[in-house]
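Trainee: I have a model open and would like to go through it with you. Could we take it a piece at a time?

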Amino acid sequence: MGTESVRESAIRAISEAVAEAGLEVERPREGSFLVTIPGTAKLKTMVWLEAGPHSLTLTSFFCRRPDENHAAFYQWLTRRNSDTYGMAFASDEVGDVYLRGRLPLGGVTPEEVDRLLGCVLTYSDENFNTALELGFASAIRKEWKWRTERGHDTRNLRAFAHLAETEDDR
């Protein structure tokens, strides 16, 4: 590795992985990366990568604190954690949910960064609609009703059309 430090090598690996993937990235300070990953269910996932003195930390906002069904919502997220690689769902002091991961700097390669960014995208995208259904069903129903009564577009709510059905519709 020559005179390059482990941290410098990790920063280079992150830069290479993000560039190769063609992702939008901001570099607010040395060793920090804010990466934007386009998705399907969750249209945009932001990932903060911070190369510290000993480890790489990844943080990605998943969703805000649920409005309802708290116990089932957090229990479902906890179960999701058993199938994740390199990261887990975690909540902050107000209940907002993040994907968080930590990796020793020596394990940071372009391939591993690519794998972890892929995991963030997969876990965000594949779990987003279920999380919204569990924690925000009432708000989705209200929004659907408000839009349909006024003739507004419901295209971005179509995944939740089944929540808008009334008892008469079933």
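**Around the end of H3**

Mentor: Let us begin at a single residue: just after helix H3, Gly151 takes a positive phi of about 75 degrees. Keep in mind throughout that this is a predicted model.

Trainee: What does H3 span between its end C-alpha atoms, and what would a straight helix span?

Mentor: Helix H3 covers residues 110-150, and a straight helix of 41 residues would span 60 Å at 1.5 Å a residue, whereas H3 spans only 49 Å between its end C-alpha atoms.

Trainee: And where does H3 bend?

Mentor: The bend is at Phe136, and it comes to about 95 degrees.

Trainee: Switching to the sheet, in what order do the strands come?

Mentor: The sheet is open and has six strands, in the order S1-S2-S3-S4-S6-S5, with antiparallel pairing. Strand S1 (24-26) and strand S5 (88-91) stand at the edges, and each has a single partner strand, so one side of each is left without a neighbour in the sheet. From one strand to the next, the twist averages 25 degrees.

Trainee: How many bridges join S2 to S3?

Mentor: Seven bridges join strand S2 (residues 32-38) to strand S3 (residues 44-51), and the two run antiparallel. The connection is a hairpin that passes through five residues. To place the register, Val35 has Val47 in S3 as its bridge partner, and Ser32 stands opposite Glu50 in S3.

Trainee: Then what about S3 and S4, how many bridges there?

Mentor: S3 and S4 pair over four bridges, again in the antiparallel sense, and they form a hairpin with three residues between them. Here Ala51 has Leu56 in S4 as its bridge partner.

Trainee: OK, aromatics next. How many aromatic pairs are there?

Mentor: The count comes to four aromatic pairs. One of them is Phe62 with Phe128, which is edge-to-face, with 6.0 Å centre to centre and 90 degrees between the planes. Phe62 lies in strand S4 (residues 55-63) and Phe128 in helix H3, so the pair ties together parts that are 66 residues apart in sequence.

Trainee: Are those two rings buried or exposed?

Mentor: Phe62 is buried, with a relative accessible area of 1%, and Phe128 also counts as buried, at 16% relative accessibility. Ring pairs link Phe62, Phe89 and Phe128 into a cluster.

Trainee: Which other residue does Phe73 form an aromatic pair with?

Mentor: Phe73 pairs with Tyr74, and this pair is edge-to-face too, with 5.1 Å centre to centre and 90 degrees between the planes. As for exposure, Phe73 counts as buried at 0% relative accessibility, while Tyr74 counts as partly exposed at 24%.

Trainee: Last topic: how many disulfides does the count come to?

Mentor: The count comes to zero disulfides. Cys63 is in no disulfide, and the nearest cysteine sulfur, that of Cys119, is 19 Å away.

Trainee: Why is there no bond for Cys119?

Mentor: The closest cysteine sulfur to that of Cys119 is in Cys63, and the 19 Å between them is too far for a bond, because a disulfide would need the pair of sulfur atoms within 2.5 Å.

Trainee: And are these cysteines buried or exposed?

Mentor: Cys63 counts as buried at 4% relative accessibility, and Cys119 likewise counts as buried, at 11%.

Key:
Residues numbered from 1 in each chain as written. Predicted model: local features only at pLDDT ≥ 70, side-chain atom pairs only at ≥ 80, totals over all residues. Heavy atoms only, no water. Expected span 1.5 Å × (residues − 1). Bend = angle between axes of the 7 residues up to and from the residue. Buried < 20%, exposed > 50% of the residue type's maximum accessible area, 1.4 Å probe, protein only. Phe/Tyr/Trp six-rings, centres within 6.5 Å; stacked < 30°, edge-to-face > 60°. Pairing = 2+ DSSP bridges. Axes fitted to C-alpha atoms, helices over the stretch in contact; angles between N-to-C directions.
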